[in-house]
Each structure stands twice: as C-alpha cells, then as structure tokens.
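Work through the exercises below on side-chain contacts in a single model. Each task is followed by a solution in steps.

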Amino acid sequence: MIVIIAALTIGLIYGSVGLLSGFCMMSGLRGWWAEGDGRLARTYALAMGVAIAASQLLAAAGLVDLGKSIYLQPSFSAPVMFLGGLLFGYGMVLSNGCGSRALVLLGRGNLRSFVVVIVLGIFAEMTLKGLIAPARIAMVQASQATVSANSVPALLADIGLGAVPARMVAASVLAALLIIFAFAHAPFRKSPGQIAAGLIVGLLVAGGWYATGYLGADDFNPVPVTSLTFIAPIADALQYVMLSTGSTLNFGIVTVFGVFAGSLITAIATGRFQLEGYRSPQHMLRSASGAALMGAGGVMAFGCSVGQGLTGLSTLSLSSLIAIAGIMLGTGAGLRGSLRVRPLATA
C-alpha cells in the first residue's frame, strides 16, 4: 500500500508541475532547434542531471538496487532499442508531445490528448502481448547480445577503476555536465519556475526508485524496481480500466492516474481548464499515427522520453543511451530536414 500511495503522490506532483511548466522533451527540443528558445530544453537537462545524481546517491547508500531494473539487464538488443527510439521520437513530433505530456494536457481538457493516450495504449499492448509482439520478439531474439558491461560505471570498472570510484566518476561527470549545460543559458537562469520544474522532476525519478526499491522491498511480496515511465503503464492503466476485476494496481498504473489527476486539479485551480479538439480530419490522423508509433516504439525501446530519457539514464545504463540516441534522432528528423513534420494548413 505504501508504494501505491507514493506512486499517487509522485503522479500528482508530476501532473501539476508538468502543466505549470510545460515540461516536455519534444517541446524543449522544438523550442531550442526551431524557435531559438532553449529554456525548456535546459529544464529537461537539469532534470536529467538531478535524476542521475539523486538516484546514484540512493544506489551508493545501498537503499536501492538499480541492477534489478529493466534498464540494467545483461542482454539487450541494441538495434531494436535504437529503432524503437527512432519510431518513438518521430511519433512524438507527429502527436505534438510524448505520452506523459498527453496525460498532462488531457487533464487540462485537451481532447486530442485523449485520442493520443488511447491509441498509444492500444499499440503498446499490441507490441507487448498482441499482434505485433511476435515480430518484436523475433527481432529481439535475432539481434540481442550479452554484454560484459551494461552501464557506464561497469565500463569504467573494466578499465581498472573500482566499482565505487567508477560509479562516483560516471555519475558526477554526467550530472555535472548536464547541470552546467542547463545553467549556462542566461534566460534559463532567470526562469525560477523552469529551474524548480527541473529540480522537482529529477527528484521525482529518485523518489520512484526509493518507493519501489526500498519502501516496496519485501521478500514475501516484492514489487518491480522502477520509477517514472509511461508507455507500458499507460497500456496497463487502459487495461485496468476495462478489466479491473482480478487485476491489481501497481506503481505504473497509479502514477498514470496521478498525473492526470494532478494536471486536472491544477488546471481547475488556476483557471487553465479548457476543452479543445481537432480542427481537421488530417490533424486527427497525424496525431493518432504519432501515438501508434510512440506506443510501438516505446515498447521496443523499453521506455519513452521520460522512461529512458530520465529514469533509464539515471541508472547510467548503456542500453538507455542507445534508446535516447534513437529518440533524439527521431525527434530531430521530425523537427528539421527533409522528413520534417510540416504544419497542417487546416490544423
């Protein structure tokens, strides 16, 4: 029960912060690359740096075993994870935001996000267990490899550093670089709301690890060690809503409900709630197509822009770096170049 309460609290805070700050990887990259405003991108970088530092401190203190998470498995398929990241990143541009952003906007009354959440959940479930699953499993089996080092600290340990110094060096350097990058931008330094958002979201990632890895540590009734992620949890939440009899709530499902509720409460309290919909069939088709790519790609990549971009990265996993590279390239292709997603004249 304590893990469920923690998940609800984390979700409520994320939903509120996400609505007030506009926290979103895609929006940040679009603002930085296409519009010249890098504040949201720096917010995301700060969240990354804080998530790494706080999560690795928990692991170093022995409070959480990050090795039990899905991000630090000894075998993974780099090609499938990279391809999944590409699909997710491009789909994120088509849908104008990731799964977590869709939940936040849905709480604000954006009915376009309702379509995104439903389609994303359906395609994620299809890729996890349904019609697309056999193809995904075949691709993984044909390309997965067992590695001797599955994280940045493990790589450093292989070249002679001890386990503890390797963790300290990797976490300190990566976190410092991200935090310096964030605060090197003068407009960001003058945006206390964005700074607070980055700090809070980064700490929420560590809070998720603490809730599931420490508070939920029970030899008789263990829970998966995880933190903020949204692709599989949205699929699970959709299934729970339809077939709750015999199902049990878990950290991911409750987090999804919490994000929606947190955004809804904040939107009503601040007068931001407003019903919005599609303005053309083409707009709806594009948005739904992007959601389908995010659902399938997010499962292949073991996470989304939050699940891999923040939570996976906080473990310093090499597979997360591969997935993040795919997400960034897919997003870049959607924002710039010959494959750029162009504005709809009627949207």
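**Exercise 1.** Find the salt bridge that arginine 112 forms, and place both partners in the chain.

Solution. Arginine 112 forms a salt bridge with glutamate 276, and their closest N and O atoms are 3.8 Å apart. The criterion is a side-chain nitrogen of Lys or Arg within 4 Å of a carboxyl oxygen of Asp or Glu. Arginine 112 belongs to helix H6 and glutamate 276 to the loop between H13 and H14, so this pair links parts of the chain 164 residues apart. Helices (H or I, at least four residues) are DSSP runs numbered from the N terminus.

The model is predicted: local features need pLDDT of at least 70, side-chain atom pairs count only at pLDDT 80 or more, and totals for chains, interfaces and linings use all residues. Residues are numbered from 1 along each chain as its sequence is written, and side-chain values use heavy atoms, with hydrogens and water left out.

**Exercise 2.** Which residues are linked with Glu276 in a network of salt bridges?

Solution. The side chains of arginine 108 and glutamate 276 meet at 2.8 Å, N to O. Here arginine 108 lies in the loop between helix H5 (99–107) and helix H6 (111–128), 168 residues from glutamate 276. Together, Arg108, Arg112 and Glu276 form the network. Next, accessibility: arginine 108 is partly exposed at 22%, and glutamate 276 is partly exposed at 24%. The classes are buried under 20% relative accessible area, exposed over 50%, and partly exposed in between (1.4 Å probe, protein chains only). In the whole structure, the search finds four salt bridges.

**Exercise 3.** Classify the ring pair of tyrosine 14 and phenylalanine 230.

Solution. Rings of Phe, Tyr and Trp (its six-membered ring) pair if their centres lie within 6.5 Å; planes under 30 degrees apart are stacked, over 60 edge-to-face, and the rest tilted. The structure holds nine such aromatic pairs. For tyrosine 14 and phenylalanine 230, the centres are 5.6 Å apart and the planes make 40°, giving a tilted pair. Tyrosine 14 is in helix H1 (residues 2–21) and phenylalanine 230 in the loop between helix H11 (192–215) and helix H12 (231–242), so the pair ties together parts 216 residues apart in sequence. Tyrosine 14 is buried at 2%, as is phenylalanine 230 at 0%. Ring pairs link these two with Phe23 and Tyr44 into a cluster.

**Exercise 4.** Over which rings does arginine 42 lie?

Solution. The test is CZ of Arg or NZ of Lys within 6 Å of the ring centre and within 35 degrees of the ring normal. Arginine 42 sits over tryptophan 32, 5.7 Å from the ring centre. Arginine 42 also lies over the face of phenylalanine 181, at 4.0 Å.

Definitions and conventions. Helix = DSSP H or I, 4+ residues; strand = E, 2+ residues; numbered from the N terminus.
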